[in-house]
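Colleague: Could you take a close look at one part of this model for me, the middle of the sheet, and then walk me outward from there?

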Amino acid sequence: MSRTYLITGAASGIGKATATRLTEQGHTVIGADLKDADIVADLATPVGRAQLIQRASELSGGRLDAVIAGAGLAGFEPRAVSVNYFGAVAILEGLRPLLAAGTDPRAVVIASVASVHPHDAAIADAALAGDEEAALAAARAAVDRGEGYAIYGSTKAALARWIRRTAVTADWAGAGIPLNGIAPGTVLTPMTEPMLASPDVRKIVDETVPMPLHGHARPAQIAPLLSWLTSPENELVTGQVVFIDGGADAVLRGDGTW
């Protein structure tokens, strides 16, 4: 049965690969991104988030069967806080009524194995408190301390915690809508390839995200998991952050958390 999907970050990387896979399966995909998409919107701003939600409602006829929140920024810039956390949360919350009107609705957020790296608690806590101004201020302070590298992982750690606390609420599990995240390792996308082009940076990446199974991933290797998590077959998995990282989490955390 054909389903209607909304994917943010659909113009490149994991979002594009997933959109291609779903379209080839006969589904309808509404893509959102900064350019080259059905909906062009900047998730770093409240205006852009509102525009996306409004256009999604118009293009979908008021119902969606699945949402994949994949838009994100890497790097050391505070703007990543607005896109990676506040943009993702606003879109999922804003589109939830459209999911509630859909058939076998599902939602997935793209987090990261970086969510288990040491992170800046001030950024993550402010994000979870819904205080975007404070989270941005904490990110700018991290940059000023020379710790801008912590911004990305902090946004993903906050997302993972948001998924865990939100998925089991009345609005999601209680309404029959599974909400999950995935945590990729290093994926070869336009966002990461400039960093990996530097041997020195690549060495650091491989030390912080060791991937003993097949090394760096391709977006097309991530798409099947997103496809399954947002399919009607997924009836019971919710509140989970599923690691698809070539073994990085197992290397980094071992078995000490069990």
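Modeller: Sure. Let's start with a right-handed β-α-β unit, made by β4, helix α3 (residues 79-100) and β5. Bear in mind throughout that this is a predicted model.

Take β5 to begin with, since that's the part you asked about. Strand β5 covers residues 106-110, and 5 of its 5 residues are buried, so the rest of the structure largely encloses it. In a regular strand, side chains alternate between the two faces of the sheet. Here both faces are covered: Arg106, Val108 and Ile110 are buried on one side, and Ala107 and Val109 are buried on the other.

Now for the neighbours. Strand β4 (residues 66-69) runs parallel to β5 and is joined to it by 4 bridges. If you want a spot to click on, Ala66 stands opposite Arg106 of β5. Strand β6 (residues 179-184) also pairs with β5 in the parallel sense, again over 4 bridges. There, look at Val109, which has Gly181 of β6 opposite.

Step back and you'll see the whole sheet. It is open, built from 7 strands with parallel pairing, and the order reads β3-β2-β1-β4-β5-β6-β7. The edges belong to β3 (39-40) and β7 (241-244); each has a single partner strand, so one side of each has no neighbour in the sheet. On the far side of β4 from β5 in that order comes β1. Strand β1 (residues 4-8) runs parallel to β4, with 4 bridges joining the two. Ile7 has Ile68 in β4 as its bridge partner.

Next, the helix of that β-α-β unit, α3. Searching the whole structure for aromatic pairs turns up 1. That pair is Tyr85 with Phe86, edge-to-face, 5.0 Å from centre to centre and with 80° between the planes. Tyr85 has 3% relative accessibility, so it counts as buried. Phe86 counts as buried too, at 9%.

Arg79 is also in α3, and it reaches a loop: Asp42 sits between β3 and α2, so this pair ties together parts that are 37 residues apart in sequence. The contact in question is a salt bridge, with the closest N and O atoms 2.8 Å apart. Arg79 counts as partly exposed because its relative accessibility is 32%, and Asp42, at 24%, is partly exposed as well.

Helix α2 (residues 46-60) holds Ala56. With 0% relative accessibility, Ala56 counts as buried. Leaving out residues up to four places away in sequence, Ala56 touches Leu6, Ile39, Leu95 and Leu98. Take Leu98 as an example: Ala56 and Leu98 are 42 residues apart in sequence, but their C-alphas are 8.8 Å apart in space.

Coming back towards β5, there's a lysine you'll want to see. Lys156 lies in helix α6 (residues 150-166). Lys156 is buried yet has no salt bridge, and the nearest side chain of opposite charge is Glu77, 13 Å away. So what does Lys156 contact, leaving aside neighbours within four places in sequence? The list is Asn84, Ile110, Ala111, Ser112 and Ser115. Of those, Ile110 is one of the buried residues of β5.

Other charged residues do find partners: the count for the model comes to 9 salt bridges. Besides Arg79 with Asp42, they include Arg63 with Asp65, where the closest N and O atoms are 2.7 Å apart. The two ends of that one sit in contrasting surroundings: Arg63 is partly exposed at 29% relative accessibility, whereas Asp65 is buried at 2%.

Another links Glu207 to Lys203, with the closest N and O atoms 2.6 Å apart. Both residues lie in helix α8 (residues 199-208), 4 residues apart, or about one turn of the helix. Glu207 and Lys203 are both exposed. There's also a network of salt bridges, which links Asp120, Arg145 and Glu147.

So, back to where you wanted to look: β5 is buried in 5 of its 5 residues, and it has β4 and β6 as parallel partners.

Note on methods:
Residues are numbered from 1 along each chain as its sequence is written. This is a predicted model: local features need pLDDT of at least 70, side-chain atom pairs count only at pLDDT 80 or more; totals for chains, interfaces and linings use all residues. Side-chain values use heavy atoms; hydrogens and water are left out. Buried means under 20% relative accessible area, exposed over 50%, partly exposed in between (1.4 Å probe, protein chains only). Contact means heavy atoms within 4.5 Å. Two strands pair if DSSP finds at least two bridges between them. A crossover is right-handed if, with the strands pointing away from the viewer, the path from the first strand over the helix to the second runs clockwise. Rings of Phe, Tyr and Trp (its six-membered ring) pair if their centres lie within 6.5 Å; planes under 30 degrees apart count as stacked, over 60 as edge-to-face and the rest as tilted. Lys and Arg count as positive and Asp and Glu as negative; His and the chain ends are not counted. A salt bridge is a side-chain nitrogen of Lys or Arg within 4 Å of a carboxyl oxygen of Asp or Glu.
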